[in-house]
Amino acid sequence: MTVGPVEAAAQERLRRWRLVLGGDGADGTGCALAGRDAAMDGALSALYGKGDEPRAAGLGASAPSVARWLGDIRTYFPSSVVQVMQRDAIDRLGLSALLLEPEMLEAVEPDVHLVGTLLSLNKAMPETTRETARAVVRKVVEELERRLAPRTRAALAGALDRSARVQRPRHRDIDWNRTIAANLKHYLPEHHTIVPERLVGYGRASQSLRKEIVLCIDQSGSMAASVVYASVFGAVLASMRSISTRLVVFDTAVADLTDRLDDPVDVLFGTQLGGGTDINRALAYCQSQITRPAETVVVLISDLYEGGVRDEMLRRVAAMKAAGVQFVALLALSDEGAPAYDREHAAALAALGAPAFACTPDLFPEVIAAAMEKRPLPIPDTS
């Protein structure tokens with residue numbers, strides 16, 4: 001019997017609802033699954049179960065069964081869905097301890113959130129697992145570098161060139177758009193041309209140090225994805241000769257990881273996610289390292305839940321800005337959207353002229369370029 005397009009569409013909707021609802025007797029679909037669909041349903045039930053009842057299949061605490069399940073979901077679902085299911089399995093079923101086993105790490109789909117979980121387990125990780133964990137982290141880091149580095153270098157190189165604009169450029173260095181705009185009053189209608197009285201151009205990028213960037217990163221547990229992205233960006237910035245980059249991570253203590261910036265994997269394994277937060281202490285250290293305030297950008301990446309001295313923290317920000325430092329406060333550097341953050345502290349920073357906002361990795365190069373050029377930051381519209 002041939003099924004028409006309307007009936008086929010209706011059956012597909014029932015199939016999808018059946019997979020979503022889990023096959024409870026009251027799900028109302030009346031749809032039975034077989035073959036691949038039944039296997040997909042089994043993988044979903046092992047993680048999500050049926051309503052509030054115990055999970056039908058369960059993953060238990062057996063590494064082999066979890067490894068098989070990880071293989072199943074990679075077979076049946078796209079990578080983006082696999083990553084979500086892995087995160088849910090770690091959160092719902094407490095599978096973090098199993099990630100300390102090399103065979104488990106080899107079975108997972110690497111992503112930023114998995115890296116964050118591995119970093120939180122770093123201190124408990126046995127040597128037999130550490131090299132496998134580093135390989136997983138390196139795979140994610142290299143993929144992020146491939147995606148983010150070209151745009152970052154292009155945006156910041158452009159910012160450096162614009163900051164070096166000169167009034168007597170060589171012909172090949174003339175900025176024609178700005179030259180024309182500056183000389184419109186010298187337009188000769190009869191000749192349909194402009195006689196430029198003043199040339200505007202870009203100075204050739206010098207190999208000498210031009211800008212200094214300090215990345216100050218909160219390494220509390222909620223900031224895991226931000227730590228990963230910031231470490232990658234730190235390595236990219238450090239590769240640019242005209243920019244001096246310093247990377248500082250903090251909880252209640254402060255660690256300067258600048259000497260590891262040639263390898264972001266080393267940076268990441270030098271962090272320790274979790275613990276308290278003392279933003280004031282971290283900013284005090286960063287402030288002590290600034291030698292050229294007018295050419296320095298300080299980027300604080302934190303949810304602003306301060307465990308230190310709040311008023312002193314704000315005074316430090318005000319002092320840095322008064323000295324000419326460009327201060328940027330990012331509530332998160334990730335793709336996750338608006339994070340939880342201390343709204344009172346964010347409002348206090350905004351009152352000092354340092355608005356705090358969440359930033360995606362794709363927007364970060366533009367934010368830093370704007371700060372380097374001392375122009376308004378491209379704050380995303382969250383309304």
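**Exercise 1. Find the nonpolar surface patch and place one member of it.**

Solution. Trp 17, Val 20 and Leu 21 make up a nonpolar patch on the surface. Their accessible area together is about 330 Å². Now place Trp 17. Trp 17 sits in helix H1, which covers residues 5-21. Keep in mind throughout that this is a predicted model.

**Exercise 2. Describe the nonpolar cores.**

Solution. Start with the largest nonpolar core. It has 80 residues. Those with the most contacts inside it are Trp 69, Leu 118, Val 299, Phe 364 and Met 372. Next, ask which helix gives the most to this core. That is helix H7, residues 127-163, with 10 residues.

Take Met 372 as a sample. Set aside its neighbours within four places in sequence. Met 372 is then in contact with Leu 156, Ala 159, Leu 160, Lys 211, Ile 213, Ile 243 and Val 297. Another core, of 24 residues, lies apart from the largest one. Its members include Ile 279, Val 298, Leu 300 and Leu 331. For background, nonpolar side chains tend to be buried together in soluble globular proteins.

**Exercise 3. Locate Asp 263 and list its partners.**

Solution. First, the position. Asp 263 is in the loop between strand E7 (254-256) and helix H10 (264-269). Second, the accessibility. Asp 263 has 16% relative accessibility. Buried means under 20%, so Asp 263 counts as buried. Third, the contacts. Beyond its neighbours within four places in sequence, Asp 263 touches Arg 134 and Arg 138. With Arg 138 there is a polar contact between side chains, at 3.0 Å.

**Exercise 4. Two residues have a positive phi without being glycine. Decide for each: buried or exposed?**

Solution. Begin with His 192. Its phi is about 55°, and it is not a glycine. His 192 lies in the loop between strand E2 (187-188) and strand E3 (193-194). Its relative accessible area is 66%, so His 192 is exposed.

Move to Leu 304. Its phi is about 70°, again in a residue that is not a glycine. Leu 304 lies in the loop between strand E8 (296-301) and helix H12 (310-322). Its relative accessible area is 1%, so Leu 304 is buried.

**Exercise 5. How many salt bridges does the whole structure hold, and what does the pair Asp 111 and Arg 87 tie together?**

Solution. The search finds 15 salt bridges. One of them joins Asp 111 to Arg 87, with the closest N and O atoms 3.3 Å apart. Asp 111 lies in the loop between helix H5 (102-105) and helix H6 (112-120), while Arg 87 is in helix H4 (residues 79-93). The pair therefore ties together parts that are 24 residues apart in sequence. Check the accessibility too. Asp 111 is buried, at 7% relative accessible area. Arg 87 is partly exposed, at 26%.

**Exercise 6. Trace the salt bridges around the start of helix H12 (310-322).**

Solution. Step one: Asp 311 pairs with Arg 310 in a salt bridge, the closest N and O atoms being 3.1 Å apart. Asp 311 is partly exposed, with 43% relative accessible area. Arg 310 also counts as partly exposed, at 26%.

Step two: widen the view. Arg 310, Asp 311 and Glu 344 are linked in a network of salt bridges.

Step three: Arg 315 and Glu 312 form a salt bridge through their side chains, at 2.7 Å from N to O. The two are three residues apart in helix H12, so about one helical turn separates them. Glu 312 is partly exposed, at 24% relative accessibility.

How values were computed: Residues numbered from 1 in each chain as written. Heavy atoms only, no water. Helix = DSSP H or I, 4+ residues; strand = E, 2+ residues; numbered from the N terminus. Buried < 20%, exposed > 50% of the residue type's maximum accessible area, 1.4 Å probe, protein only. Polar contact = N/O pair within 3.5 Å; in protein donor to acceptor, adjacent residues only side chain to side chain. Contact = heavy atoms within 4.5 Å. Patch = residues over 30% accessible without salt bridge, like charges linked within 9 Å, V, L, I, M, F, W, Y side chains within 5 Å. Areas by Shrake-Rupley, 256 points an atom, 1.4 Å probe, with all protein chains shown as cover. Salt bridge = Lys/Arg side-chain N within 4 Å of Asp/Glu carboxyl O. Core = buried A, V, L, I, M, F, W, Y, C linked by side-chain atoms within 4.5 Å.
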